[in-house]
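Visitor: I should like to go through this structure by question and answer. May we begin once it is on display?

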Amino acid sequence: MKPQTTKEKFIDLRAQGLSFDKIAKELKTSKQTLIDWSKELQNEIANRKALELETLYEKYYLLKEAKIKKYGAILSKITSELEERDFSNVPTGRLLELYLLYFERLSQEIVEPTFKSSQEIAEELQDRELLERLVSTSPSVKLKVG
C-alpha cells in the first residue's frame with residue numbers, strides 16, 4: 001500500500017489535468033492503481049480541480065464579483081469623461097458607444113441575490129444528504145448532485 005502522501009500528490013496531479021501515463025511515471029505507480037485511486041478519490045479530485053479553476057478565474061478576473069468591479073470601474077471612468085464633454089466633437093460618439101457597451105456588460109453580470117431562512121438551508125442539506133445516500137447505496141443509479 002502506498003503512503004498517504006503519494007495519494008495526495010496523485011490528487012494534485014489529477015486536479016491539474018495530468019494523464020494517468022504522466023502521473024504513473026512521476027509517482028512510479030501502475031496505471032491500474034491510479035485508476036483505482038481515481039475512482040476512490042473522485043470527490044477529492046473534483047474539489048481540488050474546482051479550487052484550481054477558482055484560482056484561475058480569480059487570476060484572470062473571471063469571477064462574477066471581479067468582472068462587476070472591473071466593468072464598473074471602466075464605466076465610472078467613461079461616465080466621468082462624458083460629464084466633462086460638451087458633445088460637440090466626434091469622439092463623444094465613441095464614448096457613448098463605450099458607455100453602452102460597458103453598461104450592457106455590467107447589466108449581464110447582475111444576479112439578484114436570493115436569501116434563504118435557516119430552515120430552508122437545513123431542509124436543502126437534509127435533501128442533498130438523503131439523495132447522496134440513496135445514490136451511494138444503489139449502484140445502478142448515477143446522478144450528478146450539485
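Visitor: With which side chain does Glu26 meet in a salt bridge?

Guide: This is a predicted model, and the contact is judged from its side-chain atoms. The N to O distance of the pair is 3.7 Å, and a salt bridge requires a nitrogen of Lys or Arg within 4 Å of a carboxyl oxygen. The partner of Glu26 is Lys9.

Visitor: How many residues apart in sequence are Glu26 and Lys9?

Guide: Glu26 belongs to helix α2 (residues 20-27), whereas Lys9 belongs to helix α1. The salt bridge between Glu26 and Lys9 thus links distant parts of the chain. Their separation is 17 residues.

Visitor: Are Glu26 and Lys9 buried, partly exposed or exposed?

Guide: Buried means under 20% relative accessible area and exposed means over 50%, with partly exposed in between. Glu26 has a relative accessibility of 43%, and Lys9 has a relative accessible area of 35%. Because these values fall between the two cut-offs, Glu26 counts as partly exposed, and Lys9 is likewise partly exposed.

Visitor: Which residue forms a salt bridge with Glu40?

Guide: The closest N and O atoms of the pair are 2.9 Å apart. Glu40 lies in helix α3 (residues 31-40) and its partner in helix α1, 33 residues apart, so that distant parts of the chain are linked. The partner is Lys7.

Visitor: Which member of the pair Glu40 and Lys7 is buried?

Guide: The cut-off for buried is under 20% relative accessible area. Glu40 has 48% and is therefore partly exposed. Lys7 has a relative accessible area of 7%, so the buried residue is Lys7.

Visitor: How many residues apart are Asp21 and Lys25, which both lie in helix α2?

Guide: Asp21 and Lys25 form a salt bridge, with their closest N and O atoms 3.3 Å apart. Asp21 counts as partly exposed at 31% relative accessibility, whereas Lys25 counts as exposed at 60%. Their spacing corresponds to about one turn of the helix, namely four residues.

Visitor: Which residues are joined into one network by salt bridges that share partners?

Guide: The structure holds seven salt bridges. Some of these share partners and thereby make up a network. Its members are Glu8, Asp12 and Arg48.

Visitor: How far apart in space are Asp12 and Lys49, C-alpha to C-alpha?

Guide: Asp12 is in helix α1 (residues 4-15) and is partly exposed, with a relative accessible area of 28%. In sequence, Asp12 and Lys49 are separated by 37 residues. In space, their C-alpha atoms are separated by 8.2 Å.

Visitor: What is the value of phi at Lys28?

Guide: Most residues other than glycine have a negative phi. Lys28 is not a glycine, yet its phi is positive. Lys28 is located in the loop between α2 and α3 and counts as exposed at 68% relative accessibility. Its phi is about 55 degrees.

Visitor: Are α2 and α3 roughly parallel or roughly perpendicular?

Guide: The axes of α2 and α3 are 9 Å apart, and the packing angle is about 110 degrees. Angles from 65 to 115 degrees count as roughly perpendicular. The crossing of α2 and α3 is right-handed. On the basis of the angle, α2 is therefore placed relative to α3 as roughly perpendicular.

Visitor: Are α5 and α6 roughly parallel or roughly antiparallel?

Guide: Helix α5 (residues 64-84) and helix α6 (residues 91-109) pack at about 155 degrees, with their axes 9 Å apart. Their crossing is left-handed. An angle over 145 degrees counts as roughly antiparallel, and α5 and α6 are therefore roughly antiparallel.

Visitor: What is the accessible area of the nonpolar patch formed by Leu53, Leu56 and Tyr57?

Guide: Tyr57 lies in helix α4 (residues 42-59) and is partly exposed, with a relative accessible area of 37%. Patch members must have over 30%, a condition that Tyr57 meets at 37%. Together, Leu53, Leu56 and Tyr57 have an accessible area of about 260 Å².

Visitor: Finally, how many helices and strands does the chain have?

Guide: Along the sequence, the pattern is α-α-α-α-α-α-α. Of its 146 residues, 17% count as buried. The secondary structure comes to seven helices and zero strands.

How values were computed. Residues are numbered from 1 along each chain as its sequence is written. This is a predicted model: local features need pLDDT of at least 70, side-chain atom pairs count only at pLDDT 80 or more; totals for chains, interfaces and linings use all residues. Side-chain values use heavy atoms; hydrogens and water are left out. Patches are made of residues with over 30% relative accessible area and no salt bridge: like charges are joined within 9 Å, nonpolar side chains (Val, Leu, Ile, Met, Phe, Trp, Tyr) within 5 Å. Accessible areas come from the Shrake-Rupley method with a 1.4 Å probe; for residues, only the protein chains shown count as cover. Helices (H or I, at least four residues) and strands (E, at least two) are DSSP runs, numbered from the N terminus. Buried means under 20% relative accessible area, exposed over 50%, partly exposed in between (1.4 Å probe, protein chains only). Axes are lines fitted to C-alpha atoms, for helices over the stretch in contact, and angles run from 0 to 180 degrees between N-to-C directions. Angles under 35 degrees count as roughly parallel, over 145 as roughly antiparallel, 65 to 115 as roughly perpendicular and the rest as oblique. A crossing is left-handed if the near helix is turned anticlockwise from the far one by less than a right angle, and right-handed if clockwise.
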